[in-house]
Amino acid sequence: MAHGQYGVDLDALDQVVKELNQVLKDMGDSKSTAKNSTYLAKGALGEGFAEEGELYGAHDQMKHSIEGLIDLVEGLVDEFGKKSSKVRGAYQDAEADNAISMS
């Protein structure tokens, strides 16, 4: 490669996209757990005590916050994965164009 030129490792970009897709898949399990496995049934901690409503309300609020954070992180990872894939495609197209023009 001549001085002043740069190269892009398309295999490395492929690996980034692959790993981000795996993160999204793994996050699906966390999202499902947060949504479906953190249920606190009424009466599970007892009934008729002064803080009962506040306790269940705090649980519901925390559950909602965790689900929101997972959605946020999932969206960021998905966006980065799509952008990485686009960049990879653009570099691949550029390499093909350069190969054609050098022929």
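Accessible areas here come from the Shrake-Rupley method with a 1.4 Å probe. On that footing, the accessible surface of this predicted model comes to about 7,900 Å², and carbon and sulfur atoms hold 57% of that area. Burial is limited in extent: 16% of the 103 residues count as buried.

The overall form can be read from a few values. The secondary structure consists of two helices and zero strands. Helix α1 covers residues 10–36, and helix α2 covers residues 52–102. Along the principal axes, the C-alpha atoms fill a box of roughly 80 × 20 × 15 Å. The radius of gyration is 24 Å, whereas a compact globule of 103 residues would have one near 13 Å. Even so, contacts between distant parts of the chain are well represented: among contacts with a separation of 6 or more, 72% join residues 24 or more positions apart.

Several residues show where the two helices come together. A convenient starting place is R88 in helix α2, which touches L10, L13 and D14 once residues up to four places away in sequence are set aside. R88 counts as buried because its relative accessibility is 15%, and the limit for burial is under 20%. Further along helix α1 comes E19. The C-alpha atom of E19 is separated by 8.8 Å from that of G81, although the two residues are 62 positions apart along the chain. E19 itself is partly exposed, with a relative accessible area of 45%.

L24 is also part of helix α1, and with 17% relative accessibility L24 counts as buried. What does L24 contact beyond its neighbours within four places in sequence? The partners are E74, V77 and D78. A look at F49 gives a useful contrast between sequence and space: L24 and F49 are 25 residues apart in sequence, yet their C-alpha atoms lie 41 Å apart. E19 and G81, with their positions 62 residues apart in the chain numbering, have C-alpha atoms separated by 8.8 Å.

Attention now turns to charge. The protein carries 10 positive and 19 negative charges, and the mean positions of the two sets are 4 Å apart. Side chains of opposite charge can pair when their charged atoms come close. The structure holds six salt bridges, and three of these pairs are described here, beginning with K31 and D71, whose side chains meet at 3.1 Å, N to O. This pair links distant parts of the chain, with K31 in helix α1 and D71 in helix α2, 40 residues apart. Both partners are partly exposed, K31 at 32% relative accessibility and D71 at 39%.

K31 also forms a salt bridge with E74, at 3.0 Å, N to O. K31 lies in helix α1 and E74 in helix α2, so this pair ties together parts that are 43 residues apart in sequence. Unlike K31, which is partly exposed, E74 is buried, with a relative accessible area of 19%. Taken together, K31, D71 and E74 are linked in a network of salt bridges. E74 is therefore a residue to view from two sides: E74 is buried, and E74 is among the contacts of L24.

The salt bridge between E67 and K63 has another setting. Their side chains meet at 2.7 Å, N to O. E67 and K63 are separated by about one helical turn, because they are four residues apart in helix α2. The two residues fall on either side of the 20% limit for burial: K63 counts as buried at 19% relative accessibility, while E67 counts as partly exposed at 21%.

A last case concerns a charged residue without such a partner. E52 is found in helix α2, which spans residues 52–102. How far away is the nearest side chain of opposite charge to E52? That side chain belongs to K42 and is 7.0 Å away. E52 is buried yet has no salt bridge, because a salt bridge needs a side-chain nitrogen of Lys or Arg within 4 Å of a carboxyl oxygen. Leaving aside neighbours within four places in sequence, E52 is in contact with G46 and E47.

Conventions. Residues numbered from 1 in each chain as written. Predicted model: local features only at pLDDT ≥ 70, side-chain atom pairs only at ≥ 80, totals over all residues. Heavy atoms only, no water. Rg over C-alpha atoms; globule rule 2.2 N^0.38 Å. Buried < 20%, exposed > 50% of the residue type's maximum accessible area, 1.4 Å probe, protein only. Contact = heavy atoms within 4.5 Å. Lys, Arg positive; Asp, Glu negative; His and termini not counted. Charge placed at Lys NZ, Arg CZ, Asp CG, Glu CD.
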